[in-house]
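Here's a friendly first look at a protein model, meant for someone who hasn't met it before. Have the picture open as you read.

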Amino acid sequence: MLEQMGIAAKAASYKLALLSSREKNRVLETIADELEAQTESILSANAQDVEQARANGLSEAMLDRLALTPARLKAIADDVRQVCNLADPVGQVIDGGLLDSGLRLERRRVPLGVIGVIYEARPNVTVDVASLCLKTGNAAILRGGKETYRTNAATVAVIQKALEACGLPAAAVQSIDNPDRALVAEMLRMDKYIDMLIPRGGAGLHKLCREQSTIPVITGGIGVCHIYVDDTAEIAPTLKIIVNAKTQRPSTCNTVETLLVHQDIAERFLPALSLQMADSGVTLHADDTALGTLQAGPANVVAVKAEEYDDEFLSLDLNVKVVTDLDDAIAHIREHGTQHSDAILTRTLRNADRFVNEVDSSAVYVNASTRFTDGGQFGLGAEVAVSTQKLHARGPMGLEALTTYKWVGFGDDTIRA
């Protein structure tokens, strides 16, 4: 089954690579229109998925990731239209010039070919991946989690209908609809057909892909994100940023999970934090130094467990640790972070510069929320993933991250001396 999908996807990728930007945008516009036209069928399928997931005991954070609403589906369709407005990188000449040999050489962006994506309870990923792949002339093979089986099937059916309406093969976007986990292992070995694999899920999935895949893997999306409050931070704006980073949408990978507080500001800051977190419904997981002060406040407080520094809560829970200085904060981030998104809140330029230079994450912020690590917020349009590795892409992966390049040489009956 998977081999036939791979053969069809590879054949479709050759056709997609020849499309002009105008032709690709026409496909995307048709997909966006069809998503809105088929809202009822997609939401009906999603409601069944949510009901089944709730019956299976899925957490509220995961249910939030899974659920679609008319507004969310409209936003997904609008994101597809936004991709139409982005510059098409395919065919772009990166650099080049005339060599001494007389050969004119250029480095030109081209599609990767076939992109494989494995993801969990995130139905928006189906459309995000499809739109970015099609814009860059890539075919896609998707494997969503069992929790999104019906939603993915309904969404892919809409996408394939739009592809065929534009005269393109439906196999340009395919979904593995069998929930059998053995198919994941088989997919990881499809290097003959899949050119790049992107896992979007928990640490276990990433580990599986790194260890068993014969396809180049881009890992990311696990966000143990930190905010460091240094001793010069102003309390009111600091609390505003923390509330945004923790509560705007707790189930996302760019949500802050650990707050590091300089010891010299802790006595003034922690009581204010407790008041704010009580209002926001956040449970604080405090270290020994912060525990007593926070327990005197109105927020719900528990003692932090050592392993929680390495976990994504994806919920209204926040670790709080008092650190001695900037060096201590950086050391904690290096030990427990996932190189996703980390921030410093400070009024000292020297501390800001040190944090930016010494924290080795894909996105580093000064006096801003970690929630900005997102393809749309970065002006990239919909993102296929947030890469926390260094090759070949890092941070939110937009269009350019789904291309490679080829060297093109133009001669005049030129031969090598």
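What follows looks at a pocket and then at some salt bridges. Keep in mind that this is a predicted model.

**The pocket**

Let's begin with the largest pocket, which has a volume of about 1,000 Å³. Its lining is made up of 42 residues. If you want to find the middle of it, look for R122, N124, R249, T252 and D374, the lining residues that lie nearest the centre. Three elements each give two or more residues to this lining: α4 (60-66), α5 (70-84) and α6 (124-135). Which of them gives the most? That's α5, with five residues. As for the chemistry, the lining of the largest pocket splits into 15 nonpolar residues, 15 polar ones and twelve charged ones.

**The salt bridges**

Side chains of opposite charge can pair when their charged atoms come close. The structure holds 23 such salt bridges. Here are a few to look up:

| Pair | Closest N to O |
|---|---|
| K10 and D195 | 3.0 Å |
| D78 and K74 | 2.8 Å |
| K390 and D360 | 2.8 Å |

Take K10 and D195, which form a salt bridge. What does this pair tie together? K10 sits in helix α1 (residues 2-16), while D195 is in the loop between α8 (182-187) and β6 (196-200), so the salt bridge joins parts that are 185 residues apart in sequence. The two partners also differ in how much surface they show. K10 has a relative accessible area of 15%, so K10 is buried, as that falls under the 20% cut-off. D195, at 28%, is partly exposed.

Now for D78 and K74, whose side chains meet in a salt bridge. Both lie in helix α5, four residues apart, or about one turn of the helix. D78 is partly exposed, with a relative accessible area of 31%, and K74 counts as partly exposed too, at 40%. These two don't stand alone: D33, E36, K74, D78 and R81 are linked in a network of salt bridges. Helix α5, by the way, is also the element that gives the most to the lining of the largest pocket.

Finally, there's the salt bridge between K390 and D360. This pair links distant parts of the chain, 30 residues apart. K390 is in the loop between β14 (386-387) and β15 (395-396), and D360 is in the loop between α14 (349-358) and β13 (363-366). D360 is partly exposed, with a relative accessible area of 35%.

Technical notes. Residues numbered from 1 in each chain as written. Predicted model: local features only at pLDDT ≥ 70, side-chain atom pairs only at ≥ 80, totals over all residues. Heavy atoms only, no water. 1 Å grid on protein atoms, 1.4 Å probe; cavity = no way out; pocket = protein on both sides within 12 Å on 5 of 7 lines; lining within 4 Å. Points joined across faces, edges and corners; volume = space filled by probe spheres on them. Nonpolar A, V, L, I, M, F, W, Y, C, P; charged D, E, K, R; others polar. Salt bridge = Lys/Arg side-chain N within 4 Å of Asp/Glu carboxyl O. Buried < 20%, exposed > 50% of the residue type's maximum accessible area, 1.4 Å probe, protein only.
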